[in-house]
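Thanks for sharing this one. Here are my notes, set out as numbered points to read alongside the structure.

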Amino acid sequence: MTRIELIDIVKTFGGVNACDGVDLLIEEREFVTLLGPSGCGKSTTLNLIAGLDDVTSGTILMNGKRVNELSPYQRDVAMVFQQYALYPHMTVAENIGFTLRLRKRPKSEIRERVQRVAELLELTALLDRLPRELSGGQQQRVAIGRAVIREPGVFLFDEPFSNLDAALRIRMRSEVRQLHDRLGVTSVFVTHDQEEAMSISDRIAVMRLGKVEQFGTPEEIYSTPVSKYVAQFVGSPRMNILDGELLRSGKQTDFRFGPIVIPLGAQAATIGAIDGNRIELGIRSEHVRIGDSGLPAMVRFVQPIGPETHVTVGWNDTAQTLIARVPGIVRLQPGAQVDVVLDPASMLFFDPETGNRIAGA
């Protein structure tokens, strides 16, 4: 088991910091996902952990030992890439056992370990096939098997499911998580898919511009995002954000955007001092309810999504809108008048200048 610590990691390419002061502590047997859009530094961070790139400055520790100068092999890591990189002229068995052959392990040991890994990944019936005779999901399992057979202390996954269709991605993420739990290793997974990250991770590091914006459990990332960036990157549909102002009168505080006024009640007590009255209110779509009373609004767009419907509502005097997530199929037409209710306990508030969360949840 391996504990990984990144301390003030900087990686510069051509004068640009791909990693800009990354600090992370990944515990033994933990499954951590680096999440963010293209160019945020997540794959670079993974390559630095692997030893495929050298850090510009900072320290990488594994079980308390500095590993900056060690090779990937010396760090005891195994990596699974987005491209399967299987040898086309080798069978499944030969691909899985290739690293053991490089280490000149006895043939009997290689056969035994290949068989064990094949059973683990349900590849036994495919051992004599060539990569071109396999589906995408089967090829990915072979690539994972090639990493598993090394019995490393750390598994590193660089967007391994990007080339798979949606249904197969869901199956593969479940298989990888179960594999992690069975082997009891430390895993670091890179993806831009927030649903993928939420479904398999013990903790998630949301990255932005080479920095870790927030590091926490999926529940923390989703329910108490530290910034508007995290709030809108994680969750589908994206968190509703309304740009407005606070209206204070005696003990009463309201939020106003355009002509719409929302009483804040007890939520107002959580809002600290801000510059001026401008503020942004965030609320997730499941906390916006279409009911019999509330804020009068007009239906703009209706999207049935199988077990639920996303209903976008708006108002004539403002361009701002809200999306409500409604269970089941809802028979509403654009232009219909409805009432919407916002759950006050689920409101978040953000500083419009910094984007940081200042109150809520």
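1. Let me start with a question: is E280 buried or exposed? With a relative accessible area of 7%, E280 is buried. Please keep in mind throughout that this is a predicted model. The side chain of E280 meets that of K228 in a salt bridge, at 3.1 Å from N to O. K228 sits in helix α10 (residues 228-233) and E280 in strand β14 (residues 278-283), so the pair links distant parts of the chain, 52 residues apart. Unlike its partner, K228 counts as partly exposed, at 23% relative accessibility.

2. The count of salt bridges comes to 20. One of them joins E30 to R203, with the closest N and O atoms 2.5 Å apart. E30 lies in the loop between β2 (16-26) and β3 (31-35), and R203 belongs to strand β9 (residues 203-208), so this pair ties together parts that are 173 residues apart in sequence. E30 counts as buried, at 11% relative accessibility.

3. Next to look at is the salt bridge between D202 and R177, whose side chains meet at 3.2 Å, N to O. This pair also links distant parts of the chain: D202 is in the loop between α8 (194-200) and β9, R177 is in helix α7, and 25 residues separate them. D202 counts as partly exposed at 28% relative accessibility, whereas R177 is buried with a relative accessible area of 18%. You may also want to view R105, E109 and R113, which are linked in a network of salt bridges.

4. R146 deserves a look of its own. This arginine is found in helix α6 (residues 136-148). R146 is buried yet has no salt bridge, and the nearest side chain of opposite charge, that of E94, is 11 Å away. What does lie by its side chain is the backbone oxygen of A85, 2.9 Å from a polar atom of the R146 side chain. Leaving aside neighbours within four places in sequence, the contacts of R146 include Y84, A85, Y87, N95 and I96.

5. On to the nonpolar packing. The largest nonpolar core has 34 residues, and those with the most contacts inside it are I96, L123, V142, I144, F155 and F157. Elements that each supply at least two residues of this core include β6 (77-80), α3 (92-96), α5 (107-120) and β7 (154-158). The largest share, 5 residues, comes from α6. L123 touches I96, A118, Q138, R141 and V142, not counting residues up to four places away in sequence. A second, separate core of 29 residues includes V302, L322, V326 and V330.

6. Finally, the cysteines. How many disulfides does a search of the whole structure find? The search finds 0. Why is C19 not bonded to C40? The closest cysteine sulfur to that of C19 is the one in C40, and the two are 8.9 Å apart, too far for a bond; the cut-off used here is 2.5 Å. Seen from the other side, C40 is likewise in no disulfide, with the sulfur of C19 as its nearest cysteine sulfur. C19 counts as buried at 0% relative accessibility, and C40 counts as buried at 2%.

Note on methods: Residues numbered from 1 in each chain as written. Predicted model: local features only at pLDDT ≥ 70, side-chain atom pairs only at ≥ 80, totals over all residues. Heavy atoms only, no water. Buried < 20%, exposed > 50% of the residue type's maximum accessible area, 1.4 Å probe, protein only. Helix = DSSP H or I, 4+ residues; strand = E, 2+ residues; numbered from the N terminus. Lys, Arg positive; Asp, Glu negative; His and termini not counted. Salt bridge = Lys/Arg side-chain N within 4 Å of Asp/Glu carboxyl O. Polar contact = N/O pair within 3.5 Å; in protein donor to acceptor, adjacent residues only side chain to side chain. Contact = heavy atoms within 4.5 Å. Core = buried A, V, L, I, M, F, W, Y, C linked by side-chain atoms within 4.5 Å.
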